[in-house]
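This report walks through selected local features of one protein model. Please keep the sequence and the structure in view while reading.

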Amino acid sequence: MRVLVTGGLGVNGSWVTRALLEKGHVPVVLETRDDTSLLPDLAGSFPVVIADIMDLDRMVEILRDERIDAIVHLAALMPPRCQSDLRLGFDVNALGAVNVFEAAKLAGIRRVVFTSSKSAYGRVPVGPHTYPTYVPISEDHTCDPVIAYDVGKLAAEGMAANYRREHGLEIASLRFGTILAPGKLARHGEVALLSRILENAMAGEPTVIERGGDEIDDIMFVGDVVGGILAALEAPSVPSPVYNIATGVGTSLYGFAEAVRRAIPGADIEIGPGLDYYGYDVTYYTISDITRARTELGYEPAYDIDASIRAYIEAAQRLRGTDSVSLPTA
């Protein structure tokens, strides 16, 4: 299968590109620049097309010229940039996705996997789905988007549903949990607190987080992001427009720190009690109900929190060409 991967050199996209190659597919990566720093060992192993998802005519041309069979759409503008430039944020995250759907329609491509986010739920009302009970939240829960990123993702999901209904496209919108991935700290900055804790520990540096130790969230390793995308890409059908892709298990910030200490004995991590460790002042922290993805797509998470941290460390070491962190045997 020849798969167009928008954002295929990014923090999550690089893992998708690698997995497609390993499974015998041909990833055709669409990016705004040719930066293979997250795939240094695979540079030159797959075509990279420099283009902009906002250019509809060019998108259709690429799909036809490259004989694309399916699309994985990961390209997006992350906070805080999309919040500091609201129009640009909406253009890229919402209208850019619509361009991908329209290009697929015009080029006769049916299967599109759209990488959305749990951010589409936006503000989750204080109640059973939040502290202290954290009942898993399903795809049917009401959405209340707050920041531009939330709004853009939810708007794109809504248009994906319309393209499914009106044009028969098989678009699966995947709402990912909180992703733990090497490269996120450098490229996503403010939304990479978990990576900061882990990478500080790897470097032998202390971390102090003033509050939030009691907050629980659904933290997933990027390998499970790939698992969800491949499940949606290769499934015989995608009966539902939206799927939660996460672990279905909650981990507190205290629990995350303890898992880091198990992987890196002596890690110096100090975390204060309370909630909302990102300081959002919005109840984004939830556990995802992944029943639909399990039942309809055959998705199954492969990484618990300890496996996630070990896999992160090993991947980060490969990227840096070092094995400076000595991992205990499992």
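## Cis peptide bonds

Start with Pro80, which sits in the loop between β4 (70-73) and α3 (81-84). The model is predicted. In it, the peptide bond from Pro79 to Pro80 is cis, and its omega is near 5°.

Another cis bond runs from Tyr131 to Pro132, again with omega near 5°. Pro132 belongs to the loop between β5 (111-115) and α5 (148-167).

## Positive phi angles

Asp276 is not a glycine, yet its phi is positive, at about 55°. This residue lies in the loop between β13 (269-271) and α10 (291-297). Asp276 counts as buried because its relative accessible area is 10%, and buried means under 20%.

Asp281 is also a residue other than glycine with a positive phi, here near 60°. The loop between β13 and α10 holds Asp281. Its relative accessibility is 66%, so Asp281 counts as exposed. Gly204 has a positive phi too, of about 75°, and comes just after α7.

## Helix α7

How many of the ten residues of helix α7 are buried? Nine are, so the helix, residues 193-202, is largely enclosed by the rest of the structure.

The buried set starts with Leu193, Leu194 and Ser195. Ile197, Leu198 and Glu199 are buried as well. Asn200, Ala201 and Met202 complete the list.

## Cysteines

Why is Cys82 in no disulfide? The closest cysteine sulfur, in Cys143, is 17 Å from the sulfur of Cys82, which is too far for a bond. The cut-off for a disulfide is 2.5 Å between the sulfur atoms. Cys143 is likewise in no disulfide, with the sulfur of Cys82 as its nearest cysteine sulfur. A search of the whole structure finds zero disulfides.

The two residues can also be described by their accessibility. Cys82 has 0% relative accessibility, so it counts as buried. Cys143 is at 22% and therefore counts as partly exposed.

## The second largest pocket

The second largest pocket has a volume of about 210 Å³. Its lining includes Val11, Ser14, Trp15 and Arg18. Leu38, Leu39, Pro40 and Asp41 also line this pocket. The remaining lining residues are Pro182, Ala315, Arg318 and Leu319.

Which helices each supply at least two residues of this lining? They are α1 (13-22) and α11 (305-320). By residue class, the lining divides into eight nonpolar, one polar and three charged.

## Aromatic pairs

The whole structure contains ten aromatic pairs. One of them joins Trp15 and Phe221. Their rings are 5.3 Å apart, centre to centre, with 85° between the planes, and the pair is edge-to-face. Trp15 lies in helix α1 and Phe221 in strand β10 (residues 219-221). The partners are 206 residues apart, and the pair links distant parts of the chain. Trp15 is also among the residues lining the second largest pocket. Phe221 has 1% relative accessibility and so counts as buried.

Is the pair formed by Tyr280 and Tyr285 stacked or tilted? Their planes are at 35°, so the pair is tilted, and the ring centres are 6.3 Å apart. Stacked planes would have to be under 30 degrees apart. Tyr280 is partly exposed, because its relative accessible area is 35%. Tyr285 is buried, because its value is 3%. Both belong to a cluster linked by ring pairs, together with Tyr277, Tyr278 and Tyr284.

## A charge over a ring

Which residue lies over the face of Tyr121? Arg175 does, at 4.5 Å from the ring centre.

## Thr295 and Asp218

Thr295 is part of helix α10. Its relative accessible area is 63%, so Thr295 is exposed.

How are Thr295 and Asp218 placed relative to each other? Along the chain they are 77 residues apart. In space, 19 Å separates their C-alpha atoms.

Definitions and conventions. Residues are numbered from 1 along each chain as its sequence is written. This is a predicted model: local features need pLDDT of at least 70, side-chain atom pairs count only at pLDDT 80 or more; totals for chains, interfaces and linings use all residues. Side-chain values use heavy atoms; hydrogens and water are left out. Buried means under 20% relative accessible area, exposed over 50%, partly exposed in between (1.4 Å probe, protein chains only). On a 1 Å grid over the protein atoms alone, a cavity is a set of points where a 1.4 Å probe fits but cannot get out, and a pocket is an open set with protein on both sides within 12 Å along at least five of seven lines; lining residues have an atom within 4 Å of a point. Grid points are joined across faces, edges and corners, and a volume is the space filled by probe spheres set on the points. Helices (H or I, at least four residues) and strands (E, at least two) are DSSP runs, numbered from the N terminus. Ala, Val, Leu, Ile, Met, Phe, Trp, Tyr, Cys and Pro count as nonpolar, Asp, Glu, Lys and Arg as charged, and the others, Gly among them, as polar. Rings of Phe, Tyr and Trp (its six-membered ring) pair if their centres lie within 6.5 Å; planes under 30 degrees apart count as stacked, over 60 as edge-to-face and the rest as tilted. A charge sits over a ring if NZ of Lys or CZ of Arg is within 6 Å of the ring centre and within 35 degrees of the ring normal.
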